[in-house]
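Please open the model in your viewer and keep the sequence panel beside it. We will go from one selection to the next, with a short look at what is there each time.

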Amino acid sequence: CCGAQGQHTCRSARAQEGEFLQGTTFPPFLAEVLLRMHSVGICGSDVHYWQHGRIGDFVVKDPIVLGHEASGTVIKVGSGVTHLKAGDRVAIEPGVPRETDEFCKIGRYNLSPTVFFCATPPDNGNLCRYYKHSANFCYKLPDNVTYEEGALIEPLSVGIHACRRAGVTLGSKVFVSGSGPIGLVNVLVAKVMGASTVIITDLSASRLQKAKEIGADFTIQVKNETPKEVASKVESLLGCMPDVTLECTGAQACIQAGVYATRSGGTLVLVGLGPEMVTVPIVNASLREVDIRGVCRYCNTWPVAIALLASKRINVKPLVTHRFPLEKALEAFETNKRGDGVKIMLKCDPNDQNP
C-alpha cells in the first residue's frame, strides 16, 4: 500500500478479522462477496504508483491500497449470489464495469470508462486481509489450481488478450520484446496458442534464461544495438521476419525495433506502457501494412486461463521467485524495485502461507 507522496500506510497489514476495507461501493445490481485474501502478486504498476504517485492521468491523491493480482477464499456472500458459497477458493478479476454501457454490450467491457479497477486511483486494491468484490468477477478455482496460480491469472490474462489481439495461431513466428513477467506470460500463451517459434529479447541475461526455461526458442540479450540491428538479429535467428511482435516494454527503441522486425502484413501489438509520446517509423509500418494494435488490460479471459491451468497446458509456477508475508510488504516492494527475481507474492492470510 502507498500514500500520495509514496508513504507506506500499510492499513491492510493492520486489518483484523471483520475490519475489511470499504474502498468502493458497487452498484446495487452487482452482488458482492467478502473474501479472506490469500495471495497477491506485485505488479510493476503497483511499484510505479508507490514511487511516482501517478501513471498517466491516474494520480494518487489520497492514501490507496495497492494490489490487483489476487486470489482468496469466500467467507460471506451477498443475498443475490448463487454461484459462490463460503469456503470457495477464487481468483479475482480486478476490473468491474459500473454500468452496462455500449462497450459491455459488445463484450469489450475493459474499454468502458466506468470500470472500477483495483489499485488504480481512486479505487483501492486488494492487498489486505479482507476485501469485498463483485461476485460476477470472482471465479471459483478447481482443486488442482493453487492460490498463487489463481493470482497469476491476472498477468496471464494480459498475455491471452495480447495474443488474441495479435492473431497468434498455428505455426505463427512470434517475437516478444521484453522478458519481464508480462513478456514471459506472452511466451507461455503464444506457445499454447500454436506458435511454432518464439524469440524474445531483453537486457537481462537472467530473465532471458527464465524465458528459455519456460519455452522460448531463441533469446537475444540486447546491449547497444540500434532498433534496426535488433530487428536484423531477430530475422537472422528466426530465419524470417516474425508474423507477430508483442512489445512488452513500452520503450521507444523497442517499439521501433518491433516495427522494423515485423514482416510485411504482420501485426505489432503494444502491450507495455511507456512515455505518452514516442517516435515511431510509421511510414515503414504503413507502406508494409504492419498493423499496430493496442492493448487495454484484458476481457473475457479468466475462464480460459483457469481451464489452461487446470489442464496443465500452461505452467505459471516457475514465475514466482519470492514470497513475503503481508507484514513485510515494504521489503517485498523494495525487492521488486531492485528488479530481483520475476514475480513476487505477498501472503495475506497469516494462518496459511502456502502457495
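Start by selecting Gly72: in this predicted model, Gly72 has 0% relative accessibility, so the residue counts as buried. Color strand S4, residues 69–77, and you will find Gly72 within that strand. Now show what surrounds Gly72. Leaving aside residues up to four places away in sequence, Gly72 touches Arg36, Met37, His38, Asp88, Arg89, Val90 and Tyr147. Add Ala151 to the selection as well: Ala151 and Gly72 are 79 residues apart in sequence, yet their C-alpha atoms are 8.6 Å apart in space.

Next stop: a run of parallel strands. Select S10 (residues 173–177) and S11 together; these two strands run parallel and are joined by five bridges. To see the register, pick Val174, which stands opposite Val198 in S11. Then follow the chain between the two strands: S10, helix H6 (residues 181–192) and S11 form a β-α-β unit that is right-handed.

Stay on S11 and bring in its other partner. S11 covers residues 197–202, S12 covers residues 218–221, and the two pair in the parallel sense over four bridges. On the way from S11 to S12 the chain passes through helix H7, residues 205–214, and this β-α-β crossover is right-handed. Two pairs help you line up the strands: Ile200 stands opposite Thr219 in S12, and Thr201 stands opposite Ile220 in S12.

While S11 is still highlighted, how many of its six residues are buried? Six of the six are. A general point helps in reading the strand: side chains in a regular strand alternate between the two faces of the sheet. Show the side chains of Thr197, Ile199 and Thr201 for one side of S11, then Val198, Ile200 and Asp202 for the other; both sets are buried, so both faces are covered.

Now for the cysteines. How many disulfides does a search of the whole structure find? The search finds zero. Select Cys128, which is in no disulfide; its nearest cysteine sulfur belongs to Cys348, 6.9 Å away. Cys128 counts as buried because its relative accessibility is 0%. Move on to Cys254, also in no disulfide, where the nearest cysteine sulfur is that of Cys248, at 10.0 Å. With 24% relative accessibility, Cys254 counts as partly exposed.

For a loop, select Asn315, found between helix H11 (302–310) and strand S16 (320–325). Is Asn315 buried or partly exposed? Asn315 is partly exposed, since its relative accessible area is 40%. Add Leu188 and draw a distance: the two C-alpha atoms are separated by 8.0 Å, although the residues are 127 apart along the chain.

Finally, zoom out to the whole chain. Color by secondary structure to bring up 12 helices and 17 strands. The C-alpha atoms fill a box of roughly 60 × 40 × 40 Å along the principal axes. The radius of gyration is 20 Å, which agrees with the value near 20 Å for a compact globule of 355 residues. Switch on the surface: the accessible area comes to about 15,300 Å², with 52% of that belonging to carbon and sulfur atoms. Of the 355 residues, 54% count as buried. Among contacts with a separation of 6 or more, 69% are between residues 24 or more positions apart.

Technical notes:
Residues numbered from 1 in each chain as written. Predicted model: local features only at pLDDT ≥ 70, side-chain atom pairs only at ≥ 80, totals over all residues. Heavy atoms only, no water. Pairing = 2+ DSSP bridges. Right-handed = clockwise from strand over helix to strand, strands pointing away. Rg over C-alpha atoms; globule rule 2.2 N^0.38 Å. Buried < 20%, exposed > 50% of the residue type's maximum accessible area, 1.4 Å probe, protein only. Contact = heavy atoms within 4.5 Å. Areas by Shrake-Rupley, 256 points an atom, 1.4 Å probe, with all protein chains shown as cover. Disulfide = S-S within 2.5 Å.
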